[in-house]
Amino acid sequence: MAGRAAVPVVSVPELWVPSDRPPEVLVGLDGSGDHRALLAHAFDEADRRNAALRVLHAWFVPAMYDNVIVDRVAQDEWEESASRIVDVELQPYRRAHPSVDVRIDVVHKRPADALVERAGHCTLLVVGRRGAAHGLTHLGSVTRAVIRESPCPVTIVAPAAVGTSGRDEAAVEEPVMSP
């Protein structure tokens, strides 16, 4: 159902119990570049819950290439650059939800592992779903993994809907700046 629904779908772990910790919504961003519906939903949830919003972007290079491709200085520079790009993408949503405390994390770790690990400290995890290809939609491997392993509820958000006007119906007033 989560792979085809036009509306967000929430998966609640069987043994989940609400926490007494301050509320925090976690949203995972991949490198797809189209996060409009995902960010709009995550900011709305954080605002509605009076929760902080943690935006997580994880990237990973397989171990056999890691030392060759990524040295520590390059990794730090890449993480700072990615954090700046994410910050620019968040600006219209921050203006639309000024009361939401936003934190950005860019980490070198398998995305599903990073999300599940951080979800242990959150009240809700928000992830996206792949768009239609040849009329088919599907859940990506990261989304499937977090649904299966997350200790907190997971909301799966469909890609941004574009109406007949050609205008993005999930966007905030101002257009999102792309990196």
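This report describes the fold, the salt bridges and selected surface residues of a predicted protein model.

Because the model is predicted, local features require pLDDT of at least 70 and side-chain atom pairs count only at pLDDT 80 or more, while totals for chains, interfaces and linings use all residues. Residues are numbered from 1 along each chain as its sequence is written, and side-chain values use heavy atoms, with hydrogens and water left out.

## Overall architecture

The protein chain contains five helices and six strands; helices (H or I, at least four residues) and strands (E, at least two) are DSSP runs, numbered from the N terminus. In sequence order, these elements give the pattern β-β-α-β-α-α-β-α-β-α-β. Of the 179 residues of the protein chain, 40% count as buried. Here buried denotes under 20% relative accessible area, exposed over 50%, and partly exposed the range in between (1.4 Å probe, protein chains only).

Contacts (heavy atoms within 4.5 Å) often span long stretches of sequence: among those between residues at least 6 apart, 79% join residues at least 24 apart. The protein chain exposes about 10,300 Å², of which carbon and sulfur atoms supply 53%. Accessible areas come from the Shrake-Rupley method with a 1.4 Å probe; for residues, only the protein chains shown count as cover.

## Salt bridges

The structure holds ten salt bridges, each defined as a side-chain nitrogen of Lys or Arg within 4 Å of a carboxyl oxygen of Asp or Glu. Three of them are listed below.

| Basic residue | Acidic residue | N to O distance |
|---|---|---|
| Arg49 | Glu45 | 2.8 Å |
| Arg54 | Asp105 | 2.7 Å |
| Arg94 | Asp87 | 2.5 Å |

Arg49 and Glu45 both belong to helix 1 (residues 36-49); because they are four residues apart there, about one helical turn separates them. Arg49 is partly exposed at 32% relative accessibility, whereas Glu45 is buried at 12%.

Arg54 and Asp105 also meet in a salt bridge. This pair links distant parts of the chain, with Arg54 in strand 3 (residues 52-59) and Asp105 in strand 4 (residues 102-108), 51 residues apart. Arg54 counts as buried because its relative accessible area is 11%, while Asp105, at 21%, is partly exposed.

In the salt bridge between Arg94 and Asp87, both partners are partly exposed: Arg94 has a relative accessible area of 23%, and Asp87 has 27%. Elsewhere, salt bridges that share partners join Glu24, Arg54, Asp101, Arg103, Asp105 and Arg118 into one network.

## Surface residues around the loop between strands 1 and 2

Val12 lies in the loop between strand 1 (9-11) and strand 2 (24-28). With a relative accessible area of 48%, Val12 is partly exposed. Together with Val10 and Trp16, Val12 forms a nonpolar patch on the surface, with about 260 Å² of accessible area in total. Patches are made of residues with over 30% relative accessible area and no salt bridge, with like charges joined within 9 Å and nonpolar side chains (Val, Leu, Ile, Met, Phe, Trp, Tyr) within 5 Å.

Pro18 is placed in the loop between strand 1 and strand 2 and counts as exposed, at 56% relative accessibility. The C-alpha atoms of Pro18 and Pro153 are 9.6 Å apart in space, although 135 residues separate the two prolines in sequence.
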